[in-house]
Amino acid sequence: MTDEEHASVNDRRAGNAIRDWARDLVPEPGPARRLAVLTTVQALGFGLFLSSGAIFFSREVGLSAGRIGLGLSVAGLAGLVCTVPIGRAADRFGARLPLLVTYVALAVLFASYSVVTNFAGFVVVASLISVFETSSHPLRMTLTHALFETDQRVRVAAQMRSLFNVGFMAGAGIAGAALAVGTRTAFLAVLLLTAVAHAGCAAITWRTPGTRPAAVATKPSEKPSRSGLRDARFVGLALLSGVVELYQPILTVALPLWIVHGTSAPRWVTAALLVLDTVLVIAFQVAMSRGAETATGSARMLRRAGALLAACCAIFAFTGHLAPVPATIILLIGTVVLVMGELGQSAGSWGLSLHLPPPGRQGEYQGVFALGRGLQQTAGPYLVTILAINHGRSGWLLLAAVLLIAGLLCPPLTAAALRRTAATPSTADSFA
């Protein structure tokens, strides 16, 4: 075979690989594609607001940084409190109707930020947004469970996450343009576009096929089903998944601060690492989600994710006294390891949240599982900052140990949950 023929074969292989990757990323027409578009549009709005919201509240509303932080903490608590009740509503009415209400409410609430003039108004609107925004993920997962077969659910969730990153990058880019302009009109345009994006999500949800809530037959002698919050095994797995999800504040809070205050690497490395993370998630989330089609496989993925994230923390711990170029190279390597752990944590958490809930209670249990993520979002930034920044190398290594132990505990706890289910397969509270 001539060199030209070899080149032609290699070109065809590369073209086939790109087409296969695109087919993995973009779902087939139908409900899966609607959910993918829904997630992308919501991420666009999320990227728009998250990239510019704090500056808007500071510059245009006149709030101090302390008050903004306090208000967002109160809002986060409100979101945590309401996830389980909204999940129960999804079990009663189906996920589509609560999700539709959620997006309509978010469209109105984001638009209402334009008339907020004081701290009290900010807290009220932020808390309501947190309630609906925090609930949107478990509601989407409940709808995913209802619309797809077992072997498709994690794949659809992975496609949604990849496209979420695409939408978020686009939204952040638009917000960056508004920040460059810096006028009140530009900020109000961002709020309006965020509201329009969520109105678009409502329209997509309206066109998405609905499903009836699953009916669960119970015998008169059976006890009433207990709250999912009393399912110790499932709650434990939700919390462990939340611990492994500490990669988020590590990437967005601890690592940037470490680069600036603990290493000699140039500051632009922070932005480069965030871009690298986003690109790798878009490219590989679907492929790296294979294996989470069962609860056992999902638990193994969380164990592997914990080990990888522990390794990345250990890598970061030894960058403090390196010269700029070696520090930058090691930080890039550590971030690649972090992304591998991130991809596994995402797929493993979807798998457990989709496979373990009892029949007819997917919405409630998705709400319970979301508590692990919510606690991570509330306490995670403070925890990783105290460990990594205040204690340096020893703090990074302690954080590595926490992540490793959390991952190792997931398989035995999942096995215990599955044994309990097998022992009482007919009861509505088989996980209690």
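In this predicted model, Arg-96 lies over the face of Trp-206, with 5.5 Å to the ring centre. A comparable arrangement turns up at Arg-67, whose charged end sits over the ring of Phe-119, 4.6 Å from the centre of that ring. Phe-119 also has a place in a cluster joined by ring pairs, along with Phe-49, Phe-56, Phe-57, Phe-110, Tyr-113, Phe-122 and Phe-187.

As for ring-on-ring contacts, searching the whole structure turns up 16 aromatic pairs. One of these brings Phe-46 together with Phe-164 in a tilted pair, the centres being 6.0 Å apart and the planes at 50°. Phe-46 belongs to helix 2 (residues 31–50) and Phe-164 to helix 7 (residues 150–181), so this pair ties together parts of the chain that sit 118 residues apart in sequence. Phe-46 pairs with Phe-168 too: here the centres are 5.8 Å apart and the planes meet at 50°, so this pair is tilted. Once again distant parts of the chain are linked, as Phe-46 is in helix 2 and Phe-168 in helix 7, 122 residues away.

How buried or exposed are the rings involved? Phe-46 comes out as partly exposed, at a relative accessible area of 28%. Its partner Phe-164 also counts as partly exposed, with 24% relative accessibility, and Phe-168 is partly exposed at 25%. Buried would require under 20% relative accessible area, so Phe-46, at 28%, is partly exposed rather than buried.

Conventions
Residues numbered from 1 in each chain as written. Predicted model: local features only at pLDDT ≥ 70, side-chain atom pairs only at ≥ 80, totals over all residues. Heavy atoms only, no water. Phe/Tyr/Trp six-rings, centres within 6.5 Å; stacked < 30°, edge-to-face > 60°. Helix = DSSP H or I, 4+ residues; strand = E, 2+ residues; numbered from the N terminus. Buried < 20%, exposed > 50% of the residue type's maximum accessible area, 1.4 Å probe, protein only. Lys NZ or Arg CZ within 6 Å of the ring centre and 35° of its normal.
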